[in-house]
Every structure is written in structure tokens, then in C-alpha cells.
Amino acid sequence: QDELIKMLPLSSSSFLSCTCQYHNNQKLDLYCQQCTIPVCVECTIINHKGHPVHEVSKQIIQNKEEIQQGLEGFPVSQEHLKKVVTAGEEMKNKIKARKNEVDTIIRQ
């Protein structure tokens, strides 16, 4: 979990150095909420006219928070799965022991 969080950008500065593939030298500093992609100012006027947009830095923070919230439940789930596997192994061992008892009774 910690490794995944470290991979998330702490700020949008590294992302904002990216430029639009359609409008040279325009920074991708906005985020089109309708298309869920980063866009430049020119894109909002031409290709994404009327689409709701906000700063890409806000979207990065929102995405990071959503990922962190999703990861918070993971250790609990992992611990729960370990308990289920352990309980399954215990049940398997009890069944084997009972089978051996029944086999012994049958052979007598």
C-alpha cells in the first residue's frame, strides 16, 4: 500500500509539464470532467466546448484521495482472507481426522 501511495504524484507540477498533442506548446492544465482526460485551454474552446472542466491539479488530488481510500480497506481484506484460509485448512484437517476414524471403525 505504501509503495502505491509513493507512486502517486504529490503535486501536479510534473504532470503540468506535459503538452497537448493537438495544440503545440499548450500545457495540459485543465481536466475535462465529461471526457475524463486532461486538456489545454484551446481544447476547451474547440473539442471540449461546453464540457465541465476544472484544474488538473484538483483532479490529481481527487484521484489520489480516491486511490488512498480504496487502499485503506485492502489490509483488512487481506487479513480477512488469511483467516478464511486458516479456517478452511482447520476444517480440512478435522474432516481428514474424522475420515480416518470412520475408516478405522469400518475396518474393525
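The exchange below asks how the labels on this predicted model follow from their definitions.

Me: What kind of model is this, and how are residues numbered?
Reply: It is a predicted model, in which local features need pLDDT of at least 70 and side-chain atom pairs count only at pLDDT 80 or more, while totals for chains, interfaces and linings use all residues. Residues are numbered from 1 along each chain as its sequence is written, and side-chain values use heavy atoms, with hydrogens and water left out.

Me: How many helices and strands does the protein chain have, and what pattern do they follow?
Reply: The protein chain has 5 helices and 3 strands, in the pattern α-α-β-β-α-β-α-α along the sequence. Helices (H or I, at least four residues) and strands (E, at least two) are DSSP runs, numbered from the N terminus.

Me: What makes strand 1 and strand 3 partners?
Reply: Two strands pair if DSSP finds at least two bridges between them. Strand 1 (residues 30–32) and strand 3 are joined by 3 bridges and run antiparallel, so they meet that definition. L30 stands opposite E55 in strand 3.

Me: Why do strand 2 and strand 3 count as edges of the sheet?
Reply: The open sheet has 3 strands in the order 2-1-3, with antiparallel pairing. Strand 2 (37–39) and strand 3 (53–55) each have a single partner strand, so one side of each is left without a neighbour in the sheet. From one strand to the next, the twist averages 40°.

Me: Which helix lies across the three strands, and at what angle to strand 3 does it run?
Reply: Helix 4 (residues 56–72) lies across strand 1, strand 2 and strand 3, at about 85° to strand 3. Axes are lines fitted to C-alpha atoms, for helices over the stretch in contact, and angles run from 0 to 180 degrees between N-to-C directions.

Me: Why is V39 called buried?
Reply: Buried means under 20% relative accessible area, exposed over 50%, and partly exposed in between (1.4 Å probe, protein chains only). V39, in strand 2, has a relative accessible area of 1% and is therefore buried. Not counting residues up to four places away in sequence, V39 touches K27, L28, D29, L30, Y31, C32, T44 and H48, where contact means heavy atoms within 4.5 Å. Across the protein chain, buried residues make up 19% of the 108 residues.

Me: What makes V41, I45 and I46 a nonpolar patch?
Reply: Patches are made of residues with over 30% relative accessible area and no salt bridge; like charges are joined within 9 Å, nonpolar side chains (Val, Leu, Ile, Met, Phe, Trp, Tyr) within 5 Å. V41, I45 and I46 form such a patch on the surface, with about 280 Å² of accessible area together. Accessible areas come from the Shrake-Rupley method with a 1.4 Å probe; for residues, only the protein chains shown count as cover. I45, in helix 3 (residues 41–45), is at 55% relative accessibility and so counts as exposed.

Me: How do you know that R98 and E101 form a salt bridge?
Reply: A salt bridge is a side-chain nitrogen of Lys or Arg within 4 Å of a carboxyl oxygen of Asp or Glu. The side chains of R98 and E101 meet at 2.8 Å, N to O, so the pair qualifies. R98 and E101 are 3 residues apart in helix 5 (residues 74–107), so about one helical turn separates them. E101 is partly exposed because its relative accessibility is 42%.

Me: How many salt bridges does the structure hold, and what is the N to O distance between K99 and D103?
Reply: The structure holds 2 salt bridges. K99 and D103 meet in a salt bridge at 2.8 Å, N to O. In helix 5 they are 4 residues apart, which means a separation of about one helical turn. K99 is partly exposed, with a relative accessible area of 48%, and D103 is partly exposed at 22%.

Me: What is notable about the phi of N25?
Reply: Most residues other than glycine have a negative phi. N25 has a positive phi of about 65° although it is not a glycine. N25 is in the loop between helix 2 (13–16) and strand 1, and its relative accessible area of 69% makes it exposed. T36, also not a glycine, has a positive phi of about 55° and is found in the loop between strand 1 and strand 2.
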